[in-house]
Amino acid sequence: MNNYIEKNRDKFLNELLDLIRIPSVSADSKFKNDMRRAAEFVRDRISEAGADRVEIYETPGHPIVYGEKIIDPSLPTVLVYGHYDVQPADPYELWDSPPFEPVIKNERIYARGACDDKGQFYMHIKAFETMLATDSLTCNVKMMIEGEEEVGSSHLETFVKENRDMLKCDTILISDTSMIANDVPSIETGLRGLTYLEVEVVGANRDLHSGVYGGGVANPINVLCEMIASLKDENGHITIPGFYDNVQDLTQAERDALNAAPFDLDEYKKDLKIDDVAGEKGYTTIERTSVRPTLDVNGIWGGYIGEGAKTVLPSKANAKISMRLVPNQTDQEICDLFTKHFKAIAPASVKIKVVPHHGGLPYVTPTDSLEYKAAEMAMEESFGKKPIPTRGGGSIPIVALFEQELGRKSILMGFGLDLDGLHGPNESYGLFNYYKGIETIPLFFKHYAALKKVD
Ligand code: BES
Ligand code: MN
Ligand code: MN
């Protein structure tokens, strides 16, 4: 098997680079055609790799690609999930090389989507090809690669609900998360949920002279800033009433286990060029970024931001706000609590609009399941070290829905690193990680089939 991977090293890489060259940005309608081209590319590669029933499924948004190989109905079935859409590459001027023209430097691929999630899901197609070509496939495989993960997977939700039979499986395998380091393999056993919304604060019906009206009429930007500032107290605690009501606190043993993972706070600060970290009092950085909920402004705008000075009292201010959620918060509940609170704290001098964007539920998976053990054994075999279970801070909205609709747990066997710079400029993915993934995935299938057999 490793022979086959070795022989096809260049081919495996060049195909990924071709996929990366398609600017499949789901959030921006200007890339609609590229989204389709990416879906067709994925369909053709899955088909060439040897899958059956390969098809593009239309949705009211971007298409979903599906293919499967059922070698023996009595064998376990693994559903592989990934996403071919990527985040917008803006701002382009922060990139050292054009985001959709991948370059290889220092053994890394630099491009938007290099890691998230093109580099990671493409490993599965190549691992699948390898297993078929070397006659070593030990499970049935279903592959579903969607195009709307970065915008909340809302149409995939409908698709999953309508195609439960087709997607029926024993477990779900996903590579769309990170490990601690190349020599410290780890597996994320949880994801945070998400509530994302946009707020608008409106003062007067038009922009006003800040001298003539200033001091007498509410400035929506000032008001928005005060309102946002009041959403956290001096301990970094979120002040929205009821926000923490359903948060499941960890036991001291669970907290100790989390904090036992290798983490160097000084290195962390040095890497980010910050003098200190910030966050909720009473929790470590690991906890703050994985098992505690957050509230962050992702963007804020209004008024005059051109060159020079313009004296204006703007009529409107806006912000995009996200909250990361932990078990057992739900995105719907938190969205409602936020909306109610935000309207309640607004002064009578302004009007407020809250528009929800997308959301997703948090997720946790136990470490004593057969599928977790298979992933652990696979990584131990390929890395020569047992992977550490960690809790991830990011979100993959469909994972909780898989559990609800298919009744199956997902295994987050990701090969990325935090230094890959997901969503930022100069995103990258290590060649080591790409090939290690292709090598490890067949081992997951091998161990999973063996564990299921004796089960
Ligand atoms: N692959 C990421 C999620 C991720 C990254 C999880 C690293 C764990 C470690 C995924 O593509 C992503 O970016 N999800 C979004 C959510 C979505 C609804 C926009 C996120 O977490 O912001
Ligand atoms: Mn992703
Ligand atoms: Mn992402």
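This report covers the domains, the ligand surroundings and selected residues of a predicted model.

## Domains

The chain falls into two parts: domain 1 (2-191 + 362-454) and domain 2 (193-247 + 293-360). Taken over C-alpha atoms, the centres of domain 1 and domain 2 are 35 Å apart. In the contact between them, domain 1 supplies 11 residues and domain 2 supplies 10 residues.

## Surroundings of ligand 1

Ligand 1 is surrounded by 16 residues, and the closest are E149, D176, R324, S395 and H423. By class, this shell holds 3 nonpolar, 7 polar and 6 charged residues. Both domains take part, since domain 1 and domain 2 each give at least three residues to the shell.

Acidic side chains make several of the polar approaches to the ligand. In E149, a polar side-chain atom is 2.7 Å from an oxygen atom of ligand 1. For D116, a polar side-chain atom lies 3.1 Å from an oxygen atom of the ligand. With D176 the ligand atom is a nitrogen, found 2.8 Å from an N or O atom in the side chain. On its own, ligand 1 has 520 Å² of accessible area, and the protein covers 90% of this.

## S395 and the helix after it

S395, one of the closest residues to ligand 1, sits in the loop between β17 (388-390) and α13 (398-406). S395 counts as buried because its relative accessible area is 17%, below the 20% cut-off. Its side chain has a polar contact of 2.6 Å with the side chain of R324. A polar atom of the S395 side chain also lies 2.8 Å from the backbone oxygen of R192. Leaving out residues up to four places away in sequence, S395 touches E149, R192, G193, L194 and R324. E149 and R324 are also among the residues closest to ligand 1.

Helix α13 is mostly covered, with 7 of its 9 residues buried. These are I398, V399, A400, L401, F402, E405 and L406. After α13 comes G407, which has a positive phi near 65°.

## The loop between β14 and α11

V326 belongs to the loop between β14 (316-325) and α11 (331-344). V326 has a relative accessibility of 1% and therefore counts as buried. Beyond its neighbours within four places in sequence, V326 is in contact with R192, V247, S290, V291, R292, P293 and P362. R192 is thus on the contact lists of V326 and of S395. I300 is 26 residues from V326 in sequence, and their C-alpha atoms are 25 Å apart.

N328 is in the same loop between β14 and α11. The peptide bond from P327 to N328 is cis, and its omega is near -5°.

## E129 in helix α4

Helix α4 (residues 118-133) contains E129. E129 is buried, because its relative accessibility is 7%. Its side chain makes a polar contact of 2.7 Å with the side chain of Y4. A polar contact of 3.2 Å joins the side chain of E129 to that of K11. Apart from residues up to four places away in sequence, E129 touches Y4, K11, F12 and A49.

## Other loops and backbone features

A cis peptide bond runs from D90 to P91, with omega near -10°. P91 lies in the loop between β3 (77-83) and β4 (103-105).

Next come N106 and E107. N106 is not a glycine, yet its phi is positive at about 50°. E107, also a residue other than glycine, has a positive phi near 65°. N106 is in the loop between β4 and β5 (108-110), and E107 is placed in the loop between β4 and β5 too. N106 counts as exposed because its relative accessibility is 64%. E107 is exposed as well, at 58% relative accessibility.

D183 is in the loop between β7 (171-174) and β8 (186-188). At 49% relative accessibility, D183 counts as partly exposed, since the cut-off for exposed is over 50%. D183 and F383 are 200 residues apart in sequence, whereas their C-alpha atoms are 7.5 Å apart in space.

Methods. Residues numbered from 1 in each chain as written. Chains lettered and ligands numbered in written order. Predicted model: local features only at pLDDT ≥ 70, side-chain atom pairs only at ≥ 80, totals over all residues. Heavy atoms only, no water. Near = heavy atom within 4 Å. Polar contact = N/O pair within 3.5 Å; in protein donor to acceptor, adjacent residues only side chain to side chain. Areas by Shrake-Rupley, 256 points an atom, 1.4 Å probe, with all protein chains shown as cover. Nonpolar A, V, L, I, M, F, W, Y, C, P; charged D, E, K, R; others polar. Domains from an automatic or database assignment. Helix = DSSP H or I, 4+ residues; strand = E, 2+ residues; numbered from the N terminus. Buried < 20%, exposed > 50% of the residue type's maximum accessible area, 1.4 Å probe, protein only. Contact = heavy atoms within 4.5 Å.
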